[in-house]
Amino acid sequence: MDIHSWSRPDRVRVRHLELDLDVLFDRKILEGSVALHLDRTSGDELVLDTRALTIHSVENAARFSLGAADPNLGAPLTIRLEPGATWVRVHYATSPEASGLQWLDPPQTAGKRHPFLYTQSQAIHARSWIPLQDTPGVRVTFRAHVRVPDGLRAVMGAALDTTPDGRHFRMDQPVPSYLIALAAGSLDFREIGPRSGVYAEPPVLDRAAHEFADTEAMIAAVEELYGPYRWDRYDLLVLPPSFPFGGMENPRLTFATPTVLAGDRSLVSLVAHELAHSWSGNLVTNATWSDFWLNEGFTVYVERRVLEKLYGPARADMEAVLGRRELDREMAGLRESDRVLHIDLTGRDPDDGCTLVPYEKGALLLRTIERAVGRDRFDAFLRAYFAHFAFQSITTADFLEYIRRELPNTVPLDEWIFASGIPAGAAEPHSDAFTRIESGWPADTTAWSTHEWLHFLRTQDPPDMPRLDRQFHLTDSTNSEILHQWLLMAVKANYQPALPKIEPFLCSVGRRKFLKPIYTELMKTPEGRARARAIYAKARPTYHPIAQGTIDGIVN
Ligand code: BES
Ligand code: ZN
């Protein structure tokens, strides 16, 4: 049972969807229908999740009713099935405020001439654009027909069907609802490898193709470690800057923030991460949002193994140390019960569980098991795990049962998974490069990576802001990660020369990871609060509903 879904798949389970949608930019809605193909076990009621949907009618059903909306879960749509019926079709429209959709006006795009739409379904936002069983425990195949205005292109995390109009999609591998994804805008495409390409707005395409040139090497690296890539193609879509995440692992089509386009491929661990989800997450999926660490912890572990294979251990070590330190920093502000891998989300939005705990504590657990059993045995274990549970949704209990059988007596798993904080005996990451940085003011930074810069800046205590800026011109950095770190420090230190950069930064980027710390820091002083409120009044309409929710909570 998934507490974040009204559905009862144990009684009637949806197996396949047929979507037919019009993308209506002028009204900021999707309108059309979805046919749901069913497996019936018991009863004659199909319960679907919805949020802010208008239900026009339900075909092939005796009757239907929309229940009261819960603030976290939305409203259940209960459909009374005809005896023996194995499908229904719901005709519906979305709301302009749908939590899983962002409608961008032309000024918010790179090209400035056409509108843009994209979906973000994880964790429980698919229900705001499709009435369905919105739980990762239910997997569906689907087909979709999406109509967009002339001159725009629709893309989905799915295969392009054989019809020539480019608007029919199919997904023949069963996927959980949170991985159903659609985008539409002025998009061009360029091949970057034998099974990969990039979609982006025309002004961004060259930079994107250059940044992601290592994609095929990354796919080959994961395949060598953990078995074949099961999704045929791996493409990337670069979204406009308001995308609230770094990346989203939609199957066959990773959605990515343009803030990774640093020009020097220094931030492509994001691609390694989203690609790794093609095994951990998309193939083997958390059955509920309390099991989210199975997705993200495994993915961060795999991501670093890919980085190590492609760019060497020094690079992977730096990422691991950065992750470990950020984990400690974030955990210090979390309640005890949120420092647990298998998190209790009763009465909460599953997005609340998205801290670094599932990511970094999860990866640290796998590192620690790897160290206990040896890399060869752990690699064999993971390869078998992905094959054994492929295309299934599993709980933490399923994982525990499997690992206790395959790798008995490794580490205290119950303590790692159900207790708060980091157990004694954790494998502590270490970076020689970082140790050198800690030894004093650097003599030569010309060969520094983004990671070295981040570590250097984060370990200045207290930072000599004028000296740092004079010598390294940080206020003028064009690397989004470094600039973000620098601006955060500037707010903390009230370093005046950098403060005018805060508004353009917060108004041009919608990535929640960048927004949240800066707004939080601004709110700590009266001048900062005034600045935060003034900036947010301008920036809010450009943010995604998810980011708006987060920043509303900070600024109000
Ligand atoms: N699946 C996540 C993004 C996500 C998590 C969206 C929970 C909604 C709810 C994605 O794989 C991810 O972890 N993205 C990270 C980047 C990554 C390099 C750590 C992000 O967006 O910051
Ligand atoms: Zn992830």
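**Briefing: a zinc site and its surroundings in a predicted model**

The side chain of His-273 forms a polar contact, at 2.8 Å, with the side chain of Glu-303. The structure is a predicted model, and His-273 is also one of the protein donors of the zinc ion (ligand 2). The points below cover the zinc site, helix H1, the domains and Arg-436.

**Zinc site**

- The zinc ion (ligand 2) has as its protein donors His-273 through NE2, His-277 through NE2, and Glu-296 through two OE entries, at 1.9 to 2.7 Å from the ion.
- Along the chain, these donors follow the spacing H-x3-H-x18-E. Within this pattern, His-277 and Glu-296 link distant parts of the chain, being 19 residues apart.
- His-277 lies in the loop between helix H3 (269–276) and strand E20 (284–286), whereas Glu-296 belongs to helix H4 (residues 292–311).
- Around the zinc ion (ligand 2) there are six donor atoms, and the arrangement is irregular because the angles they subtend run from 54 to 158 degrees. Six donors would count as octahedral only if opposite donors were over 155 degrees apart and all others between 65 and 115.

**Burial and contacts of the donor residues**

- His-277 has a relative accessible area of 0% and is therefore buried.
- Glu-296 is likewise buried, with a relative accessibility of 2%.
- His-273, located in helix H3, counts as buried because its relative accessibility is 9%, and the cut-off for buried is under 20%.
- Leaving aside residues up to four places away in sequence, His-273 touches Glu-296, Thr-299, Val-300, Glu-303 and Tyr-359. Among these neighbours, Glu-296 is itself a zinc donor, and Glu-303 is the partner in the polar contact.

**Helix H1**

- In helix H1 (residues 202–211), the buried residues are Val-204, Leu-205, Ala-208, Ala-209 and Glu-211. They lie on the same side of H1 because they cover an arc of only 150 degrees around the axis.
- These buried residues of H1 pack against three strands: E15 (188–193), E16 (196–200) and E17 (234–238).

**Domains**

- The protein chain is divided into domain 1 (12–95 + 125–163), domain 2 (279–436) and domain 3 (460–555).
- Taken over C-alpha atoms, the centres of domain 2 and domain 3 are separated by 30 Å.

**Arg-436**

- Arg-436 is placed in helix H10 (residues 432–438), and its relative accessibility of 57% makes it exposed.
- From C-alpha to C-alpha, Arg-436 and Phe-456 are 10.0 Å apart in space, with their positions 20 residues apart in sequence numbering.

Definitions and conventions. Residues numbered from 1 in each chain as written. Chains lettered and ligands numbered in written order. Predicted model: local features only at pLDDT ≥ 70, side-chain atom pairs only at ≥ 80, totals over all residues. Heavy atoms only, no water. Donors = N, O, S within 2.8 Å, 3.2 Å for Na, K, Ca; no water. Tetrahedral: all angles 85-135°; square planar, octahedral: opposite > 155°, others 65-115°. Helix = DSSP H or I, 4+ residues; strand = E, 2+ residues; numbered from the N terminus. Buried < 20%, exposed > 50% of the residue type's maximum accessible area, 1.4 Å probe, protein only. Polar contact = N/O pair within 3.5 Å; in protein donor to acceptor, adjacent residues only side chain to side chain. Contact = heavy atoms within 4.5 Å. Domains from an automatic or database assignment. Arc of directions from axis to C-beta.
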